[in-house]
Amino acid sequence: WVIDKKSYDRLIFDNDLLYYNRQTNFIKMNYTELQWKQCHITDVMDDRNSPHTGPIIYRWWFHKDSEVMNVLREHAGDVQLEMIDMDLPEHVGVASGTYYALYLGKGVNGRRRLKNHLSPRKRTSTLRRTIAALLHTNDEDKITSVLSTCYYEWCELDCDKKDLENIEKEQIEKGYYPLNLKDNPSICNRWKEVIQHKRKALKCH
């Protein structure tokens, strides 16, 4: 790390640009400088294309016509509750259609974290529990099937666990991820309560 002695220290970290605030002990990362990798999840499931075994941050992109998107639009259409705004998530168009970034996470071991999400056990993945709640299903194969239609994007990092947590926190705050419930200031409490209630109903806390 190369540090300039300023209120915000400039750091060169794995060829990415970061800023470290000495007063708050918090890293601010230039998101556009991150080197992201992205491909369809069926390609990522091949170990030759999967994330490394070190730290990553990652995002799940859902097709605009996926079951998850349909349920979210139903809730967004309830103007009385005004829980979520589906105009806010980042979205991109590819040959197979438009995809929305709905969830951002971190992993100390990127390859293991991805396998946890794809494992047919909800307890290994908060994302799986949230999808189960939205679709009102305990069918693990169905949850995996939903995830298998997604695009997966990740950035491989070289940092300790605390820095990884700070990077994830900042990226969640900068975006709009309706499937992230914890430490997500963009999502209203009413939406979090709805998901938590649905999880309890399915016993998938």
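**Exercise 1.** What volume does the largest pocket have, and which residues lie nearest its centre?

*Solution.* Before starting, note that this is a predicted model, where local features need pLDDT of at least 70, side-chain atom pairs count only at pLDDT 80 or more, and totals for chains, interfaces and linings use all residues. Residues are numbered from 1 along each chain as its sequence is written, and side-chain values use heavy atoms, with hydrogens and water left out.

Step 1: the largest pocket has a volume of about 480 Å³. A pocket here is an open set of points on a 1 Å grid over the protein atoms alone, where a 1.4 Å probe fits, with protein on both sides within 12 Å along at least five of seven lines. The volume is the space filled by probe spheres set on the points.

Step 2: its lining holds 19 residues (each with an atom within 4 Å of a point), and K106, E168, I172, K182 and D183 lie nearest the centre.

Step 3: α6 gives the most to this lining, six residues.

**Exercise 2.** Find the partner of R59 in a salt bridge, and say where both residues lie.

*Solution.* Step 1: look for a side-chain nitrogen of Lys or Arg within 4 Å of a carboxyl oxygen of Asp or Glu. R59 pairs with E153, with the closest N and O atoms 2.8 Å apart.

Step 2: R59 sits in strand β5 (residues 56-63) and E153 in strand β8 (residues 151-156), so the pair ties together parts 94 residues apart in sequence. Strands are DSSP runs of E, at least two residues, and helices such as α6 are runs of H or I, at least four.

Step 3: both R59 and E153 are buried, meaning under 20% relative accessible area (1.4 Å probe, protein chains only).

How values were computed
Buried means under 20% relative accessible area, exposed over 50%, partly exposed in between (1.4 Å probe, protein chains only).
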